[in-house]
Structure formats: structure tokens, C-alpha cells
There are 2 protein chains.
Amino acid sequence: MPFTYEYPRPAVTVDCVVFGLDTEPQLKLMVIQRAHPPFAGEWALPGGFVGMDEDLEESARRELKEETGIDHIFLEQLYTFGKPGRDPRGRTITVAYYALINLSEHPVTAASDAQDARWFEVNHLPKLAFDHDQIVATALQRLRGKVRYQPIGFELLPRKFTLTQLQQLYEIILEKPLDKRNFRRKILKMDILVALEEYQTGVPHRAARLYQFDEKKYQQKIKAGFNFEI
Amino acid sequence: MPFTYEYPRPAVTVDCVVFGLDTEPQLKLMVIQRAHPPFAGEWALPGGFVGMDEDLEESARRELKEETGIDHIFLEQLYTFGKPGRDPRGRTITVAYYALINLSEHPVTAASDAQDARWFEVNHLPKLAFDHDQIVATALQRLRGKVRYQPIGFELLPRKFTLTQLQQLYEIILEKPLDKRNFRRKILKMDILVALEEYQTGVPHRAARLYQFDEKKYQQKIKAGFNFEI
DNA sequence: TAAGTTTAGTGTATTATGTACACTATAAAG
DNA sequence: CTTTATAGTGTACATAATACACTAAACTTA
């Protein structure tokens, strides 16, 4: 049963707001330099057109891989932006996704569509093409809101991490200092971390214990209605 | 600067999940009976195609008005559904919105596109066309999550309401009983309600005081980072 | 090898918030 | 004026949030 009338249709794209964290205590954003008009040479979010037989999230993952080499990461739908005029080529609706990634385990290689792919500190972003500034602002708001009551922050850390790293992550996202003892008590009480018999290496001072996020325990606690507020 | 290549494009629609409440302690959902194929005669969410020069929210409001007569209500973007195959006519991406409405102040009149528009209790919904069941489930989840930390529930009540009505609303949405004294203390402490010098009428027992939601105070408190958890 | 430097790791007292719980007040109906 | 139905109120107890400072361990360097 095909469409009986054909209407003029908006173009549909996906865009990805990819947040990353490495050793520096600064949240970073992945941006690409556009190879083609409009806005050729300017910075923009990785993204592109939705394929006719592709699910939306699938499109987002494909574009991200094509343009930045990033694959297999946490990705969640953010919001859909569709104001007429947001793309000079004509009516375009974009479904925005946001992603979290641990930089030290995911090298980035600019590819095909993009001339260049780079990490910028979220507090020092260049002007972005289209309405991408607004999309990033929305993503930051979502991230800050969500991290407060869902432990998504682990996605930004290596698989094994110290409690100090975890605390710094929360401090960066929430933009406020946290008390070490209170933070540890709270996060350990959630009982979703496994303390490993391993310690940090290569530091010129006492080595910290490593922990791992326990996805299974977390899923169980969710079902039981447990509260993960920080 | 027009598009240089034209791709085949998905169709883009909006769908509205409209929750309503009247005197019965039951959350209701607005559904329409489809006048045309596909799924002619079946129940579905109000919605339709996005106009080429229309913002997404504008489309949602227009469709809602055309199909149900409902206008000027709380409306917020929910999620975008785009799995290939979700519409038998061909690839269709729908941007879903959810709305809250006070039934006693908003009569519903089925119009044009829809044969019939009706309220169903959310716990006794008929099978819905397309993937609309899933969209409703997502909306319910969002409503339950959101009502816990944002006072959006007022949208479901008349402008002037009693604290008992407000409490019942929370009990309906959260599906659990709340303590009267604790509830009142908490909600009044937020200081976003105005106690009126007016009382309920027409009840065969002591009349309850009426309150009004104070939008200005609420906006101020939001800016000050106030917490509205129930 | 002792002293210095740097971060890891730990407990307690105080305050604020959440929770559980039952009676009196008021208005209308009969 | 008694009955019925809902409105409206306070307190004691348990739990959670907050503020705060020292010792432990590992490496560096004199």
C-alpha cells in the first residue's frame, strides 16, 4: 500500500553530539570540518542523511563511523530539530543524538565526508554551522540533567577507573566540587561498582584502587526501582 | 542554495499523545478513529504530515486542532520514531509529542480527517494502529518520570483546584497512594501555589479551599535552581 | 635511608528531610 | 440535631545530607 498522494517532503538527517573525556579534566566535543557546501570549511557536528531503509539510530552510528571512525559507543536520541530555514539548501529536519565516549580507548580518524575531525573543549567551541550551537546546548543540558539520576557517566571513563576519576567526571559535568568522603559513600552504597584487586600504575604517589561498573547489578537495581541520584 | 542531489526521502509526520483528566480518578488518552487507509476505521493517535513551511510543534498543534478541536494546550516533544516498516505506505518518520489537558475546560469535537475522537482510559486502551501503542508507552514512561521532579501535573487540572484533586492526580500518574499530610507539606513548601479566598461548591460535605498554580513564582524558583521533587 | 611530596582512603557529629500515623473541624443532608 | 463525608492539621522517629581533617602509602630526591 504505497502513498496515494505524494507531498513535497523535508529532507531528514541525523546529527551526533559526541562528548569525550581523556586524562585532562575537561569535557570535549567531537566536531568535523565540513568538506562540502553549505558551510564548507566550517566546523559542524558529524551527521548526514538518513538512508531509506535505515533505522534512525543506525543512521547516526553509520555517519559517526564514516566521519570520525568512532564505533560501538553509548548513543541516545536527544531531540528533533526542524525549524524551517535551519538549512539553507531547503527544509531539513534533523534527529539529534548524543554520545559518550572514553577518549583513551577510542582513537579518532577523520574520514571520507569530513576533511578533519577534532576534539574541542566544550567551554571553548568554535562557531558551528547550521543550528548546531543550539543542538550542543540542548545536549549539554540533557547530560547535566541526566547524570544526576542515572549513572551514564561511566561511559566516559575507561573500563577500569579509580574513584577519584569518577568524582572528577561528576565535578566536570556538574561544574561544582564534590566532597570526597560523601561522594565515595554515596556511590559505593549504590552497589553497582566492583572493587578490583588491581591498582593504578605509573603514578608518583600512592596508587588508587581500580573499580569497574557492574551492568548486571545496575539492571537489577533499576527493576527494583532503586534511585541513583548523586 | 538548493540541494545539489535529490535523494529519495522519508515522509515526516507528527503524532500527539494527549493525556486528559476530568472528575474521574482515571488518566485518559485521546484517540481518533481513522477515516482513511491504511488502518481505516481503527483507533490511532491524532497526527499527520508536517507541512513544508511549518515548524514541528506548529504541525502538531495544527493536526491536533484539525482532528480533535483541541487548542492552546501544554505540548512537548517526546521522541522520534523512524523504524523502516512502521507505516505500510512507505518509509515514514514520526516526531511524537505529548500533551496534557484539563478535560472539563476543553471539550473535544471530532473533525475533518477523523471520523470520531474519543477519550479512553489509559488502562483500557483499544489496539492502536501503526506503532502507536509503543508511542503511548513511551509517553507514559516520560510522564511518570517527569512528574516526579517537575510540576507539569497542573496542566491536567482546572485553573483553580483543591489540594485533594492535586494529590489524586499524582496518585493516578505515579500509581501509588500518597500521605495527605506529607503531600500537602511538601507541595506547599515549594511555594508555587496561591491559596485563594475561594472554596469548592456543590459538595455535600465541608468545602475545600481552592488553589492556583503561580507560573511566575515557578519560573523564578527554576532560575534559582530550586528542586521540585515529589 | 630519611625527609618531602602527592594522592588515597577513612569516620563522626550535626542538620535537614522523609515517613508514619489519627484526630478535630466544617458543611450539607436527612 | 444527628449523621455522613471530606477538609485540614502536628509530632515523633528514622533516614539521609552535609561539613569537616587526619593517617596511609607510594614514589622522589637530597
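**Helix α2, two domains and a DNA strand**

In chain B, the buried residues of helix α2 pack against quite a list of partners: the strands β1 (11-21), β2 (28-34), β3 (43-44), β5 (74-81) and β6 (92-102), plus the helix α3 (163-174). The model is a predicted one, and α2(B) is a handy place to start reading it. The buried residues in question are B:H132, B:I135, B:V136, B:A139 and B:L143. Because they cover an arc of only 95 degrees around the axis, they sit on the same side of α2(B). Turn to the other side of α2(B), and the residues there, B:A137, B:Q141, B:R144 and B:G145, are exposed. The length of this helix can be checked too: with 16 residues (132-147) at 1.5 Å a residue, α2 of chain B should span 22 Å, and its end C-alpha atoms are indeed 22 Å apart, so the two values agree.

Next comes chain A as a whole. Its C-alpha trace spans about 65 × 40 × 25 Å along the principal axes, and the chain holds five helices and 10 strands. Of its 230 residues, 31% count as buried. What about contacts between residues at least 6 apart in the sequence of chain A? Among those, 67% join residues at least 24 apart.

Chain A is also split up by its domain assignment, which gives domain 1 (11-147) and domain 2 (160-223). Taken over C-alpha atoms, the centres of these two domains of chain A are separated by 28 Å. The domains do meet, though: seven residues of domain 1 of chain A are in contact with six residues of domain 2 of chain A. On the domain 1 side of that meeting point, helix α2 (residues 132-147) of chain A gives the most, with three residues. Sorted by class, this side of domain 1 of chain A has five nonpolar residues, one polar and one charged.

Then there is the place where the two chains touch. Here 29 residues from chain B and 30 residues from chain A take part in the contact. On the side of chain B that touches chain A, β1, β5 and β6 of chain B each supply at least two residues. The largest share of that side, three residues, comes from β5(B). As for what kinds of residues these are, the side of chain B that touches chain A divides into 19 nonpolar, four polar and six charged.

The DNA comes last. DNA strand C is surrounded by 19 residues, and the closest are A:T164, A:R181, A:H205, A:R209 and B:R206. Which helices help to make up this surface? At least two residues each come from α3 (163-174) and α4 (180-189) of chain A, and from α4 (180-189) of chain B. It is α4(B) that provides the largest share of the surface near DNA strand C, namely four residues. By class, that surface has four nonpolar, five polar and 10 charged residues.

One residue in helix α4 of chain B is B:K189. Is B:K189 buried or exposed? A residue counts as exposed when 12 or fewer other C-beta atoms lie within 10 Å of its own, and B:K189 has 8, so it is exposed. B:K189 and B:F228 are 39 residues apart along the chain, while their C-alpha atoms are separated by 9.9 Å.

Conventions:
Residues numbered from 1 in each chain as written. Chains lettered and ligands numbered in written order. Predicted model: local features only at pLDDT ≥ 70, side-chain atom pairs only at ≥ 80, totals over all residues. Expected span 1.5 Å × (residues − 1). Buried ≥ 20, exposed ≤ 12 C-beta atoms within 10 Å, placed from the backbone. Arc of directions from axis to C-beta. Contact = placed C-beta atoms within 7 Å. Nonpolar A, V, L, I, M, F, W, Y, C, P; charged D, E, K, R; others polar. Near = placed C-beta within 6 Å. Domains from an automatic or database assignment.
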